[in-house]
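Me: I'd like to practise reading features off a model. Could you take me through a few, giving the general idea and then the case at hand?

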Amino acid sequence: MNDLIDHRIRGSWTSAGAGAAQLPERAVRWLDQRIGPIGPRVAAETESSVELPSPELPESARQALVEVVGLENVLVDGPARLARASGLSYLDLLRRRSRTAEFPVPDAVVLPADPEQVQAVVDVCARHDVGIVPFGGGTSVVGGVAALRGEKSSVIALDLVRLDRLVSVDKISRIAVLQAGVRGPDVEKLLAPHGFTLGHIPQSYERATIGGFAATRSAGQASSGYGRFEDMVTGVRLATPRGEWRLGVAPASAAGPDLRQLAIGSEGTLGVITEVALRVRPVPVVRRYEGYAIEGWDAGAEAMRTLAQHHALADITRLSDVDETGVSLALKGGVKTAALKRYLNARGVKHPCFLIVGWEGAARDVAVRRRETTRLLRAAGAVRVGKALGESWRHGRFSGPRQRDALMDQGICVETLETAAYWSDLDELRDNVRAALTASLGRAIVMCHISHAYETGASLYFTVITARDQADPVGQWQRAKSAACEAIAGLGTISHHHAVGVDHTPYLAAEIGKIGVEVLRAAKSAVDPTGILNPGKLV
Ligand SMILES: Cc1cc2nc3c(=O)[nH]c(=O)nc-3n(C[C@H](O)[C@H](O)[C@H](O)COP(=O)(O)OP(=O)(O)OC[C@H]3O[C@@H](n4cnc5c(N)ncnc54)[C@H](O)[C@@H]3O)c2cc1C
């Protein structure tokens, strides 16, 4: 567990020791030409030397928390508090690299062991009027774990890391109950002996937790096959200042609005999720990934729509635009890449968009579904590139955060943002967001992909790379992100899967309406009358 506590202290992915990415010289030169001049090179910090304010937690509250979880599980030392002070957005990482505590830090970190202790901690905080920020993997990129205290004079980070158990498996109904702190890889390790998989693999899989997935309505890379996280949830158990709240007794219900869906996506503002009951599936016998290329974005998006509307999406179906494909080809370089470009050119694909398709399941089922997907792709003009492209995507699927650390080391501004819209609005939305980002940032590479498609629409995921403004790096990204959010409002959702957190709160009312905000506030005051749960988030 010390590893888990330590790795967040430094605020970058690679400092977890999971293998730092090195940016090849060729890539640095290429970036310098495209968006340069870049630099100077800034090495990631190795240890934090940030001076923190003294903890404000009243002694009576600290004593009461110690009585619940034990002395060793109420941490007030600087590194432990700093480790839970923020998530992993570009701005979070940038602020940490600047070695100044320009962000709020919790007064203590509390580590309960089970749902009963979580409820007891919530009760103590309610009695002493202490704010609570639930902390899962700390991978929020929207300020979800920022240690805001709102009107409270003190706030704790409630770290769920010790809630790491598989509670039960109902083989007949195919439901597994997992505690909130179980991280992605451990979910699969716990389920495998029972012959099951969850199949929820977001890019933050290595660190993010069951509670975090539920609290943010996460979407994994295989959402076309396994569904979004909320599709998997059959039940949820929460600790609230009003007592324990359990939801979900049947696979479907007409007993009023589905309150499970109110709890999922509540981002720690309506309760601390302690357990989640999840639909699981048999471990796949076959996993098959391959790559296609298609001429230009319009044809690619049209192919995605066709697959979605014919129920022929592969479990993973992901379309990169020309820029994203171009960057991956440029960074790979070499003889094979040149040969691939010639091959595609000869087949009329002069502006390639890569399409990754992956199927998982029983052999016969995969064969049947693959036949239909590939038939429709060929009819749409897609050219098969082969298994190597699919496998190379699969092997590199978690490398994004490490590459981001490497790019930040080079003095580059790199961040992502996402949205979703109906098919009829998707192109306009993409054009507007790209235009807004480019107008704000000047020389920038703006890449986009679709990785979650539905019959009615799709998500758009943007990755932005530009030279860092050395004088005002924070303002540089804040202005660009605001411009992108303004472009999204009215055409798409402010978040398809990153959630609202702090960063998106100014845009929520435009999406759900004033009444919607009031409904959320009313729900909050019903479960959390004094507003101790995750102050300043969501509403
Ligand atoms: C590199 C990178 C890639 C990412 N890729 C994806 C992706 O592919 N798909 C995707 O959906 N998201 C992605 N994200 C965003 C993030 O990983 C998700 O939002 C994830 O669901 C958060 O899980 P977590 O356990 O880290 O939660 P945290 O970051 O710890 O918390 C997120 C929010 O949920 C609340 N919370 C956490 N646990 C609980 C709980 N038990 N009870 C109540 N509230 C709780 C927190 O207070 C906070 O508001 C990515 C993030 C990064 C940094």
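Reply: Happy to; we'll go through sheets, backbone geometry, burial and a charged patch in turn. One thing to keep in mind is that this is a predicted model.

Me: Let's start with sheets. What holds the strands of a sheet together?

Reply: Strands of a sheet pair through hydrogen bonds of the backbone, and the pairing is either parallel or antiparallel. Here, an open sheet is built from four strands in the order 1-2-4-3, with mixed pairing. Its edge strands are strand 1 (74-75) and strand 3 (131-135), each of which pairs on one side only.

Me: Which strands run parallel to each other?

Reply: Strand 2 (residues 108-110) and strand 4 (residues 155-159) do, and three bridges join them. To find your place in that pair, look at Val 110, whose bridge partner in strand 4 is Leu 158.

Me: And where can I see antiparallel pairing with strand 12?

Reply: Try strand 14 (residues 352-361): 10 bridges connect it to strand 12 (residues 286-295), and the two run antiparallel. Strand 12 also pairs with strand 15 (residues 383-386), again in the antiparallel sense, over three bridges. Ala 293 is a handy residue to click on. It stands opposite Phe 354 in strand 14, and opposite Val 383 in strand 15.

Me: Is strand 16 largely enclosed or open to the outside, and why?

Reply: The way to judge this is to count buried residues, taking buried as under 20% relative accessible area. In strand 16 (residues 412-422), nine of the 11 residues are buried, so the strand is largely enclosed by the rest of the structure. Strand 16 is joined to strand 18 (residues 457-467) by 11 bridges, and the two run antiparallel. Within this pair, Ala 420 has Ser 459 of strand 18 as its bridge partner.

Me: Back to the edge strand 3 for a moment. Is Pro 134 buried or exposed?

Reply: Pro 134 lies in strand 3. It counts as buried because its relative accessibility is 17%, and the cut-off for buried is under 20%. If you want a sense of scale, its C-alpha atom and that of Ala 483 are 30 Å apart, with the two positions 349 residues apart along the chain.

Me: Now the backbone. Which peptide bond is cis, with omega near 0 degrees?

Reply: Look at the bond from Gly 36 to Pro 37, which is cis with omega near 0 degrees. Pro 37 sits in the loop between helix 2 (25-35) and helix 3 (59-69).

Me: What should I check for phi in residues other than glycine?

Reply: Check the sign. Asn 534 has a positive phi, near 40 degrees, and Leu 538 has a positive phi as well, near 65 degrees. Asn 534 is in the segment after helix 20 (505-527), and so is Leu 538. As for burial, Asn 534 is buried at 3% relative accessible area, and Leu 538 is buried at 9%.

Me: Finally, the surface. Which residues form a negative patch?

Reply: Asp 298, Asp 427, Glu 428 and Asp 431 form it. Helix 18 (residues 423-441) gives the most to this patch, with three residues. Asp 298 belongs to helix 12 (residues 296-309).

Me: Why does Asp 298 count as exposed?

Reply: Asp 298 counts as exposed because its relative accessibility is 58%, and the cut-off for exposed is over 50%.

Note on methods: Residues numbered from 1 in each chain as written. Predicted model: local features only at pLDDT ≥ 70, side-chain atom pairs only at ≥ 80, totals over all residues. Heavy atoms only, no water. Patch = residues over 30% accessible without salt bridge, like charges linked within 9 Å, V, L, I, M, F, W, Y side chains within 5 Å. Areas by Shrake-Rupley, 256 points an atom, 1.4 Å probe, with all protein chains shown as cover. Salt bridge = Lys/Arg side-chain N within 4 Å of Asp/Glu carboxyl O. Lys, Arg positive; Asp, Glu negative; His and termini not counted. Charge placed at Lys NZ, Arg CZ, Asp CG, Glu CD. Buried < 20%, exposed > 50% of the residue type's maximum accessible area, 1.4 Å probe, protein only. Pairing = 2+ DSSP bridges.
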